[in-house]
Amino acid sequence: MNIENVKYEKGDFRGYLKSIVVIALSLSLLLLLYYKLNPIFMDIWGARSGWYLDEYRTWGAKVWRMFYRATYSWMFLLLPVLWMFSAFLTQSVLKKDKARIFNNCHIALIIIISAMVIFAYYGLIMLPLI
């Protein structure tokens, strides 16, 4: 039997679908969080920019402004779509077992980034309570 003639399955479609579900849920949760907390932040801070926010709460202020910009245009969905397309292209050329590992790492990365965004965002509401 010639090893070169053995065909390997490529890609992991189920894992990729899980990635799509996780990124969709993550974006939905983050945008829902923004819609619920934006009026509270406006009452507390008065504006999305200010010397104090820019100096001491840099990441929270950046996330708040990013959500503000993202909710005014559907173009912000282009970045997650391009991200998922590049993930599809990457995992589709890998062997099935490597594609599963890639998709699991991709899901973990999405969850970690979302958690970091939530922590940075909650820093804006927790700061006045301290």
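Is E9 buried or exposed? Hello everyone, let's start there. E9 is exposed, and its relative accessible area is 55%. Keep in mind that this is a predicted model.

E9 matters for my tour since the structure holds one salt bridge, and E9 forms it with K96. The closest N and O atoms of the two are 3.6 Å apart. E9 sits in the segment before α1, which covers 13-45, while K96 belongs to helix α5, residues 96-126, so the pair ties together parts that are 87 residues apart in sequence. As for the partner, K96 comes out at 28% relative accessibility and counts as partly exposed.

Now on to α1 itself. How do the ends of this helix compare with the expected span? With 33 residues at 1.5 Å a residue, α1 should span 48 Å, and its end C-alpha atoms are 45 Å apart, which agrees. There is still a bend to look at: a kink of about 40 degrees lies at L37, shortly before the proline P39. After α1 comes G46, with a positive phi near 85 degrees.

L37 takes us inside. The largest nonpolar core has 17 residues, and L37 is among those with the most contacts inside it, along with F41, V63, W64, F67 and Y121. Which elements give two or more residues to this core? They are α1, α3 (58-70) and α5. Take F41 as an example: leaving aside residues up to four places away in sequence, F41 touches G46, W64, Y121, L124 and I125. So that G46 we met after α1 turns up again as a contact of F41. Apart from this core lies another one, of seven residues, including Y16, V22, A87 and I110.

Last topic, the rings. The structure holds seven aromatic pairs. One of them is Y34 with F67, a tilted pair at 5.8 Å centre to centre and 45 degrees between the planes. Y34 lies in helix α1 and F67 in helix α3, so this pair ties together parts that are 33 residues apart in sequence. Both partners are on the inside by the numbers: Y34 is buried at a relative accessible area of 3%, and F67 counts as buried at 5%. Y34 and F67 also belong to one aromatic cluster together with Y35, F41, W64 and Y121.

To wrap up, please look at two pairs in the viewer: E9 with K96, the salt bridge, and Y34 with F67, the tilted aromatic pair. Thanks for listening!

Note on methods. Residues are numbered from 1 along each chain as its sequence is written. This is a predicted model: local features need pLDDT of at least 70, side-chain atom pairs count only at pLDDT 80 or more; totals for chains, interfaces and linings use all residues. Side-chain values use heavy atoms; hydrogens and water are left out. A salt bridge is a side-chain nitrogen of Lys or Arg within 4 Å of a carboxyl oxygen of Asp or Glu. Helices (H or I, at least four residues) and strands (E, at least two) are DSSP runs, numbered from the N terminus. Buried means under 20% relative accessible area, exposed over 50%, partly exposed in between (1.4 Å probe, protein chains only). A nonpolar core is a set of buried Ala, Val, Leu, Ile, Met, Phe, Trp, Tyr and Cys residues joined through side-chain atoms within 4.5 Å. Contact means heavy atoms within 4.5 Å. The expected span of a helix is 1.5 Å times one less than its number of residues. The bend at a residue is the angle between axes fitted to the seven residues ending there and the seven starting there. Rings of Phe, Tyr and Trp (its six-membered ring) pair if their centres lie within 6.5 Å; planes under 30 degrees apart count as stacked, over 60 as edge-to-face and the rest as tilted.
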